[in-house]
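Hi,

Here's the structure I said I'd pass on. Have a look at it first, and my notes are underneath.

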Amino acid sequence: MSLPRQVLPAGFHLITRRCTQRQYIFRPDAQTNNNIVYCLAEAARRFGIDVLLTVFESNHHHTLIFDRHGRYPEFLQHFHKMLARCQNALRRRWENLWSSDAPCVTRLLDRATVIAKLIYAASNPVKDGLVERATQWPGVNAYRELLSGRPLTATRPRHFFRDRGVMPAEVSLSLSIPAELGDPDDVIAEVEAGVREIEEERRRLRAATGARVLGRRAILAQRWFDAPTDLTPFSRPAFASLGLVGAGVRTRSA
């Protein structure tokens, strides 16, 4: 049994969760991308959650939220349950979709940490050697919508939800930069600058080592039941703060 967590309103959180056996169950395709956006947007609206950014790689996701009303446990339970059931129906599988580990929920204690985690999440496909630019990821990476200001939209997945059911026929999710972070344009500019810095750093590293990105075509050709062969450690911090490092607050990348 996991230890109890303090749930307070008006908190920023980075949510991370892996698929079982690190399988590529969310390998990008049109239906998968639609499933993700639909379930996330519906859950966020249901529980009053502000979504700052979400990035789904093939076997895990990073989603940053602002929990204005202290309801993120309900949001997480509903979102992960509905997405797992919907995606399992698409893949014609019956076992657990998510890893047996509980979701990693890291409370972000200051503005600088929120910005750093936004950059971390948006650039994840670049750091993982999948694409050259964050906007080239063929799956769900709401970084594109963060820059453009356009909402994410999705239609009710017909392979799972009933046409005459209570779930909405269409959903829309506008990314939110809460006033607690300051001017939204300043936040987006900082995130964009940070992502560009990581993209350039990785470009220089590839030039020096001869490494190449996997690329869009190879990503889309992966089988959803495959998984990476390397063993990657997974840290699970409960809190993160750049501003309080000197005060002894333990911080680790999620």
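For the helix check below, the expected span of a helix is 1.5 Å times one less than its number of residues. This is a predicted model, by the way. Helix 6 (residues 184-209) has 26 residues, so it should span 38 Å, and its end C-alpha atoms are indeed 38 Å apart.

Both ends of that helix are worth a look. At the N-terminal end, aspartate 183 acts as the cap, with a side-chain oxygen 2.8 Å from the backbone nitrogen of aspartate 185. After helix 6 comes glycine 210, with a positive phi near 80°. The buried residues of helix 6 include Val187, Val191, Glu199 and Arg206, and its buried residues pack against helix 3 (111-122), helix 4 (124-127) and helix 5 (143-148).

Next, the cysteines. How many disulfides does a search of the whole structure find? It finds 0. Cysteine 39 has its closest cysteine sulfur in cysteine 86, but at 4.7 Å that is too far for a bond, because a disulfide needs the sulfur atoms within 2.5 Å. For cysteine 104, the nearest cysteine sulfur is that of cysteine 19, 15 Å away. Cysteine 39 is buried, at 3% relative accessible area, and cysteine 104 is buried too, at 1%.

Last one: alanine 41, which sits in helix 1 (residues 30-47). Alanine 41 is buried, with a relative accessible area of 4%. Leaving out residues up to four places away in sequence, alanine 41 touches Val171, Ser172 and Leu173. Alanine 41 and glutamate 170 are 129 residues apart in sequence, yet their C-alpha atoms are 9.8 Å apart in space.

Cheers

Key:
Residues numbered from 1 in each chain as written. Predicted model: local features only at pLDDT ≥ 70, side-chain atom pairs only at ≥ 80, totals over all residues. Heavy atoms only, no water. Helix = DSSP H or I, 4+ residues; strand = E, 2+ residues; numbered from the N terminus. Buried < 20%, exposed > 50% of the residue type's maximum accessible area, 1.4 Å probe, protein only. Contact = heavy atoms within 4.5 Å. Polar contact = N/O pair within 3.5 Å; in protein donor to acceptor, adjacent residues only side chain to side chain.
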